[in-house]
Amino acid sequence: MKAQENFSVYANAKTEPTDKIKFNETNIGITFSKEIGSKNKITNTLEYSNLKVNYELDSNITYENLDQYNQIQNKFEFSHELSKTTNLNFSITPTVNFQSNLNSDDFTLLGSFEVQQQLSSKTFFSIGIARTTIFGSPKFLPVVSLNYKVNNEAFVFLGFPDSKISYSNNIRNKFSINNSFNGNFYHLDPENNLSNNASKVSLSQMTTALEYERNVDKNWFLNFKAGYDFNKKYNLIDNDNHTVYDFNTGNGYVLGIGIKYKQ
């Protein structure tokens with residue numbers, strides 16, 4: 001857990017079944033970090049994810065062309081130490097969200113800017129703005145967090161869109177309770193545009209989960225996740241991000257597993 005992470009490769013899989021629809025998502029990524037001088041740090045993460053959707057009900061909507069979505073994104077982060085107690089954090093994330101055929105219309109630019117202030121030796125406060133898809137379409141939203149280090153084994157991170165309480169009983173085990181607002185959208189292939197003018201699908205939910213991470217070897221980590229999705233939404237939307245069809249999936253649980261190599 002204490003290893004400095006300058007390079008990592010990871011893969012994750014999760015399932016999110018509801019009363020009507022089952023979502024299965026896998027993603028793989030690679031992260032590289034480097035300090036530039038004594039005050040600057042850059043991090044770059046390239047990730048590919050695939051979402052498969054299994055429909056288990058009859059409806060008037062034809063679903064055979066709405067069963068798989070893809071995303072490729074590259075997140076570049078830059079952190080600058082403005083003073084001993086203040087950091088500036090900036091990120092830019094070009095992403096393509098598509099069904100099966102990739103084209104220029106699938107490109108979206110996301111990002112964030114935050115100011116982090118150290119309030120005490122154990123407390124940090126951050127505030128900023130981000131262009132994010134946590135509610136199912138790109139929007140500018142405020143981000144805020146308070147990070148408190150209880151002791152060497154535990155810390156509390158409270159904020160929007162993410163919150164976490166974490167505890168490590170030794171250097172190999174890490175337990176955490178997470179609450180996050182998360183979502184995404186995907187452009188439909190032009191030939192699959194439906195008669196109701198839908199051009200994209202939109203997903204969003206609030207997830208509360210218990211996670212366990214185990215350092216199984218010097219550089220290898222396993223992660224297990226179990227939780228529940230609240231206020232889950234899966235909609236067809238038009239070019240102006242207006243809902244044209246609501247699948248009414250209902251809420252459901254989430255189970256996930258992941259593996260990471262880092263050094």
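**Before you start.** Strands here are DSSP runs of type E with at least two residues, numbered from the N terminus. That's how labels such as β14 and β15 come about, and N248 is found in the loop between those two strands, with β15 covering 252-262. One thing to keep in mind throughout: this is a predicted model.

**Figure 1. N248 in the loop between β14 and β15.** N248 isn't a glycine, yet its phi is positive, at about 50°. How buried or exposed is N248? With a relative accessibility of 48%, N248 counts as partly exposed, because exposed means over 50% and buried means under 20%.

**Figure 2. N241, a residue with positive phi beside a pocket.** Go back along the chain to the loop between β13 and β14 (243-246), and you'll find N241. Its phi is near 65°, a positive value in a residue other than glycine. N241 is partly exposed, at 32% relative accessibility. N241 also helps to line the second largest pocket, which the next view shows.

**Figure 3. The second largest pocket and its lining.** Rolling a probe the size of a water molecule over the atoms shows where empty space is left. In the second largest pocket, that space comes to about 150 Å³. Which elements give two or more residues to its lining? They are β12 (200-215) and β13 (220-237). Lining residues to look for include S202, L203 and S204, along with K233, N235 and I237. Others among them are F135, G136, S137 and K139, and T243 is part of the lining as well. Sort the lining by class and you get seven polar, three nonpolar and two charged residues.

**Figure 4. The largest nonpolar core.** In soluble globular proteins, nonpolar side chains tend to be buried together. The largest nonpolar core in this model has 15 residues. Which of them touch the most other members? Look for V53, Y55, Y69 and Y234. Four strands give two or more residues to this core: β2 (21-36), β3 (40-55), β12 and β13. Of these, β3 gives the most, with three residues.

**Figure 5. S49 and N50, two buried residues in strand β3.** Let's stay with β3, where S49 has its place. S49 is buried, with a relative accessible area of just 3%, because anything under 20% counts as buried. Skip residues up to four places away in sequence, and S49 touches E25, T26, N27, Y69, N70 and Q71. N50 sits in β3 too, and N50 is buried at 9%. What does the side chain of N50 make a polar contact with? The partner is the side chain of Q68, at 3.5 Å. Leaving aside neighbours within four places in sequence, the contacts of N50 are N24, E25, T26, Q68, Y69 and N70.

**Figure 6. F98 in strand β5.** Strand β5 covers residues 86-98, and F98 belongs to it. Buried or exposed? F98 counts as buried, at 8% relative accessibility. Apart from neighbours within four places in sequence, F98 is in contact with Y69, N70, I72, D106, Y186 and H187. For a sense of scale, try K75: it is 23 residues from F98 in sequence, and their C-alpha atoms are 18 Å apart in space.

**Figure 7. A cis peptide bond between F160 and P161.** Here's a feature of the backbone: the bond joining F160 and P161 is cis, with omega at about 15°. Where does P161 lie? It's in the loop between β9 (154-160) and β10.

**Figure 8. Y167 in strand β10.** Strand β10 takes in residues 162-170, and Y167 is found there. Y167 is partly exposed, with a relative accessible area of 42%. Contacts of Y167, not counting neighbours within four places in sequence, are E153, A154, N173, K174 and F175. Now find L82, which is 85 residues from Y167 along the chain; the two C-alpha atoms are separated by 30 Å.

**Figure 9. E191, an exposed loop residue.** The loop between β11 (173-187) and β12 is the place of E191. E191 counts as exposed because its relative accessibility is 53%, and over 50% means exposed. Q71 is 120 residues from E191 along the chain, with 19 Å between their C-alpha atoms.

Terms used:
Residues numbered from 1 in each chain as written. Predicted model: local features only at pLDDT ≥ 70, side-chain atom pairs only at ≥ 80, totals over all residues. Heavy atoms only, no water. 1 Å grid on protein atoms, 1.4 Å probe; cavity = no way out; pocket = protein on both sides within 12 Å on 5 of 7 lines; lining within 4 Å. Points joined across faces, edges and corners; volume = space filled by probe spheres on them. Nonpolar A, V, L, I, M, F, W, Y, C, P; charged D, E, K, R; others polar. Core = buried A, V, L, I, M, F, W, Y, C linked by side-chain atoms within 4.5 Å. Buried < 20%, exposed > 50% of the residue type's maximum accessible area, 1.4 Å probe, protein only. Polar contact = N/O pair within 3.5 Å; in protein donor to acceptor, adjacent residues only side chain to side chain. Contact = heavy atoms within 4.5 Å.
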